[in-house]
Amino acid sequence: MKKYLITFLLAFCLAFIPSAAHQEVDNIVEEIMSRMSLDDKIGQLHQIDGRTDLTKVCDMIRKGQVSSIMNIVDASVIDSLQRIAVEESPSGIPILFARDIVHGFKTILPIPLGQAASFDDALICSAARNTALEATEIGIKWAFAPMMDIARDPRWGRIAEGFGEDPYLASRLAVSVVKGYQGDSLSDELSMAACAKHFAGYGAAEGGRDYNTTYVPVRSLYDTYFPPFKACVEAGVASFMSSFNDNDGVPATGNRWLLTEVLRDEWGFTGMVVSDWGSVGGLIPHGVAKDKKEAAKICLEAGCDMDMMSYSYLNNLKELIAEGDVSMYVVDEAVRRVLRLKVRLGLLEKPYTRKTSESVIYSENVLETACRLTEESSVLLKNDGILPLGEDIKTVLVTGPMADAAYDQMGTWALDGDKAHTLTPVEAIRKNLPSGVKLIYVNSLDYPRDKSTDDFKALKKAARKADVLIAFVGEEQMMSGEAHSLSDLHLQGQQSEMLEALASTGKPLVTVFMAGRPLVIASEMELSDAVLYMWHPGTMGGQAAYNLLWGKANPSGKLPVTFPRNEGQIPIYYNHKHTSHIAKGTEGNLDNVPREMPQSVMGHTSSYLDVAPTPLLPFGFGLSYTTFELSNLRVETPEVRASDSVVVYVDVKNTGDRQGCEVVQAYTGRKSASTTRPMKELKAYERVSLEAGECRTVRLEIPVESLAFCRKDLSWGTEPGNYVLTVGTSSEGGLVSYFKLNY
Ligand code: GLC
């Protein structure tokens, strides 16, 4: 009992130091380390899944073999297991309880790809803070999020989990989630440790097939895939998760260059690295380790501190040390990082779940914030004027497999979401419909893959009685997320046929998509008078849908990812390079290809014969119920030096008849550099809310250091020269100006 007392007293004193300085934390860690056996230390590097025989779990805890347990979400079970760890294990070190909390805990938020469309850092941070309040209430102190893998391939199911294709947007929003989860101090009882995942390059899976090999060369890693991770290190993220993929031949979990030389030596990360599920043992199927013993050595020495579920560390480290194959120094360093996290989280002085008089789970404030974020995450892709629905609408037909899909609208990684708490569109419309307006609900397809067209005749008959048709379509949550990649991105089942049937009635058709990725929707957009893309919107999807459709809220979302015309265009993304043969944008019509033409009369451009080279919808695009006009772009600093910022002003006017929000975006591009560079890159954005007729000057600031890139000699930095600046409301079009970087 005495040993706990020392630790407790030390930690207790620390509790009164608002933020224990690193030295105090390190002192406690060293004190704990001094009392630990080798078995104790190895046990602190082992994470298990709690969804198993709890008797076995208790036995492992008593032996000091468990450092972290994931997937237990019952506070009483958490506390009982914790009590065994504190009172019966050899070291008395508390367990770190973890969970995949990617977009909400009980109150499910829009999927991160949807949240990214809001371009609203502050709201995302606030929603993430609410998530931390919900999760810590039941004892979770570590969330495996934010996921920040850059994704340019919508075939990849996990595009849903990240913030899209742009490194700058993903950096800002990943940091927002880290700040929301971790708060001002990790030792705050309402805070939980965030985890930057999956490091690195995982989103570049060849063929868009999850877990597939990636080839991302060093320059692209630094320019495209690293920035969100580096931003999170700078924001103080407490942990990292290594990824499954092998990049350029080296599995990330065993990649010392990645996990130590870049992450720790270059970026100064002092937190803890956990493997992905079984990815230490994954080196065996990757073919770079003959057994778990070799895999344990490679990964621990690479800088992977904690082994999630492969048991490679637990079962092999003692032997590796005894044989002199792994040094105690390496083990001690890993143990220190794990203990440092536990001390910073305040686990030593408060290992048990906090007592709370009033639960925050599903509280009004949490739900209201979630609803606002869902509204802002929704992107209006087309509107001929039918939206927002007005008083002339007396009969509304609602249909489609996503109109009442309480489970599916929560999206992937909604592990603790409860569909009984989900408000679906038809429920929200039924609940909120203005008096005197009649709702006709036809459940035409039971679920997105439903192949039955039996109800289409009745559907058309019902549609003819309505003033407007609202069809909710999309994909089930199981079509999205980990291991759920698709080669065909068209609507599944008979959804498109259903839209055709609705359109054939001649009634105004509003199509609302709920999906975990950009789908191929060109023909559906043609059929529809208005299109709203809500991604998988989460718990409040129904209320947000009603608010947007009836104009209680005005859409302001902007696409965080490019929508292709078809799968053949993939990968297609806005920040592409010029090439030596840039497409003119007019190509791509087979009818224009002459018969028996001599070999080289066609274009010589980077394009296709059978489809336009441009996307269906570009990054940054999104409509509103009002209109905006940008004017008077001026660059306050036409010439800058490396330590400066480029300061830009632009006037934004709401030229419509109702309040709305616009996202003003600033892109930079270079005419020449030591390497080929993207034609444009997002470097600043600002959400601005304007009343009808209101005009405001928006200031955008671009630190010159943010123009740095991996140069021809692989060094990181900027280069002097002339830059093109484009300021607009999408990655296409906008006002153009210039600035010069001098040295
Ligand atoms: C999964 C995922 C990872 C998740 C982990 C724990 O395989 O790749 O994102 O955090 O395992 O569930």
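A salt bridge here is a side-chain nitrogen of Lys or Arg within 4 Å of a carboxyl oxygen of Asp or Glu. By this rule, the count for this structure, a predicted model, comes to 39 salt bridges. The close-ups below start with one of these pairs and then move on to the domains, a cavity and some backbone details.

**View 1. A salt bridge between Asp26 and Arg340 links distant parts of the chain.** The closest N and O atoms of Asp26 and Arg340 are 3.1 Å apart. Asp26 belongs to helix α2, which covers residues 22-34. Its partner, Arg340, sits in helix α15, made up of residues 328-344. Along the chain, the two residues are 314 residues apart.

**View 2. Domain 1 and domain 2 meet at an interface.** For orientation, the chain is divided into domain 1 (3-344), domain 2 (367-549) and domain 3 (628-741). The C-alpha centres of domain 1 and domain 2 are 37 Å apart. On the domain 1 side, 36 residues are in contact with 35 residues of domain 2. Together the two domains bury about 2800 Å² between them, and carbon and sulfur atoms give 61% of that area. Look for Ile108, Pro110 and Leu123: they supply 20% of the area that domain 1 buries against domain 2, more than any other three residues.

**View 3. Asp416 and Arg99 are joined by a salt bridge.** Here the two side chains meet with an N to O distance of 2.8 Å. How many salt bridges are there between domain 1 and domain 2? The count for this pair of domains is 2.

**View 4. The largest cavity has a volume of about 90 Å³.** Rolling a probe the size of a water molecule over the atoms shows where empty space is left. The structure holds 5 cavities of 30 Å³ or more, and this view is centred on the largest. Which residues lie nearest the centre of the largest cavity? They are Val102, His103, Gln115, Val177 and Tyr181, out of 16 lining residues. The elements that give two or more residues to this lining are α6 (112-116), α7 (121-137) and α8 (167-182). Among the contributors, α7 gives the most, with 3 residues. Sorted by class, the lining has 11 nonpolar, 4 polar and 1 charged residues.

**View 5. The peptide bond from Phe199 to Ala200 is cis.** Its omega angle is near 5°. If you would like to find the spot, Ala200 is in the loop between β5 (195-199) and α9 (218-225).

**View 6. Leu387 and Pro388 are also joined by a cis peptide bond.** In this case omega is about -5°. The loop that holds Pro388 runs between β11 (379-383) and β12 (395-399).

**View 7. Tyr311 has a positive phi.** The angle is about 60°, although Tyr311 is not a glycine. What lies on either side of the loop that holds Tyr311? The loop is found between β10 (307-308) and α14 (312-322).

**View 8. Leu714 has a positive phi too.** Leu714 is not a glycine, yet its phi is about 70°. The residue is placed in the loop between β23 (709-710) and β24 (716-717).

Definitions and conventions:
Residues numbered from 1 in each chain as written. Predicted model: local features only at pLDDT ≥ 70, side-chain atom pairs only at ≥ 80, totals over all residues. Heavy atoms only, no water. 1 Å grid on protein atoms, 1.4 Å probe; cavity = no way out; pocket = protein on both sides within 12 Å on 5 of 7 lines; lining within 4 Å. Points joined across faces, edges and corners; volume = space filled by probe spheres on them. Helix = DSSP H or I, 4+ residues; strand = E, 2+ residues; numbered from the N terminus. Nonpolar A, V, L, I, M, F, W, Y, C, P; charged D, E, K, R; others polar. Domains from an automatic or database assignment. Contact = heavy atoms within 4.5 Å. Buried area = accessible area lost by both parts, 1.4 Å probe.
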